[in-house]
Amino acid sequence: MAQVKNTYQFEDLLEKHQLKKTGARLRVLSMMYAKNTATSQPDLESVMHDIDRVTLYRILNVFEEKGIIHKVFDLNGTANYAVCSSGCHEHHHHDEHLHFNCTACKGVFCLNELSLPSINLPAGFQASGFTLYASGLCPKCSAR
């Protein structure tokens, strides 16, 4: 996950992606950057009571379109959102990294630091991206 940024950096990020700097967008960015796991819309709704569901959905959707966050699914098929790397941009994510689902705490972690092998597809296949998942216990849960 990305390191915590300050409000000015969030404003610059919105400006870079030609997005209006609203309090709701800045709060969502702050919340997402502060977490070390991917988060779902229901989780965000539970702590952001002053942002209604539709507004939050639209914020997440435009952030995903602009390459600020990417979508990753947990073991239950629930969409979670994680902060993108700086290599992502509008309509093209570089989120080809391992997504780890903890079976105990249900956290979804982006393991960007792992280098993944190249995948050689059979003739005629053209991949536009891929998703790699692993499940088990995160460090915090395995230490218990």
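These legends walk through several close-up views of a predicted protein model.

Residues are numbered from 1 along each chain as its sequence is written, and side-chain values use heavy atoms, with hydrogens and water left out. Because the model is predicted, local features need pLDDT of at least 70 and side-chain atom pairs count only at pLDDT 80 or more, while totals for chains, interfaces and linings use all residues.

**View 1. The whole protein has 5 helices and 6 strands.**
Helices (H or I, at least four residues) and strands (E, at least two) are DSSP runs, numbered from the N terminus. Follow the sequence and you will meet the pattern α-α-β-α-α-β-β-β-β-β-α. Of the 144 residues, 38% are buried; here buried means under 20% relative accessible area, exposed means over 50%, and partly exposed is in between (1.4 Å probe, protein chains only). Contact means heavy atoms within 4.5 Å. Among contacts with a separation of 6 or more, 55% are between residues 24 or more positions apart. The protein exposes about 8900 Å², and carbon and sulfur atoms supply 50% of it. Such areas come from the Shrake-Rupley method with a 1.4 Å probe; for residues, only the protein chains shown count as cover.

**View 2. An aromatic pair joins F10 in helix α1 to Y33 in helix α2.**
Rings of Phe, Tyr and Trp (its six-membered ring) pair if their centres lie within 6.5 Å; planes under 30 degrees apart count as stacked, over 60 as edge-to-face and the rest as tilted. By this rule the count is 1 aromatic pair. The ring centres of F10 and Y33 are 5.3 Å apart and their planes meet at 50°, so the pair is tilted. The two residues belong to separate helices, so the pair ties together parts that are 23 residues apart in sequence. Are F10 and Y33 buried or exposed? Both are buried.

**View 3. R25 is a buried residue without a salt bridge.**
A salt bridge is a side-chain nitrogen of Lys or Arg within 4 Å of a carboxyl oxygen of Asp or Glu. For charges, Lys and Arg count as positive and Asp and Glu as negative; His and the chain ends are not counted. R25 lies in helix α2, and the nearest side chain of opposite charge, E65, is 9.0 Å away. Which residues does R25 contact, leaving aside its neighbours within four places in sequence? They are L14, L19, K20, I59, V62 and F63.

**View 4. D50 and R27 meet in one salt bridge, and the whole structure has 4.**
For D50 and R27, the N to O distance is 2.6 Å. This pair links distant parts of the chain, with D50 in the loop between α3 (41-47) and α4 (53-66) and R27 in helix α2, 23 residues apart. D50 is exposed at 59% relative accessible area, whereas R27 is partly exposed at 33%. In another salt bridge, K21 joins E15, with their closest N and O atoms 3.0 Å apart. K71 and E64 form one too, at 3.9 Å between the closest N and O atoms.

**View 5. V47 in helix α3 is in contact with R27 and M31.**
That list leaves aside the neighbours of V47 within four places in sequence. V47 and M31 are 16 residues apart in sequence and 9.3 Å apart in space, C-alpha to C-alpha. V47 has 42% relative accessibility, so it counts as partly exposed.

**View 6. A nonpolar patch on the surface includes I119 and F125.**
Patches are made of residues with over 30% relative accessible area and no salt bridge: like charges are joined within 9 Å, nonpolar side chains (Val, Leu, Ile, Met, Phe, Trp, Tyr) within 5 Å. The members here are I119, L121, F125, F130 and L132, with about 480 Å² of accessible area together. I119 is found in the loop between β5 and β6 (132-136) and is exposed at 55% relative accessibility.

**View 7. Q18 has a positive phi, and so does K106.**
Most residues other than glycine have a negative phi. For Q18 the value is about 55°, and for K106 it is near 70°. Where do you find them? Q18 is in the loop between α1 (7-16) and α2 (23-34), while K106 is in the loop between β4 (98-102) and β5 (108-111). Q18 is exposed at 65% relative accessibility, and K106 is exposed at 52%.
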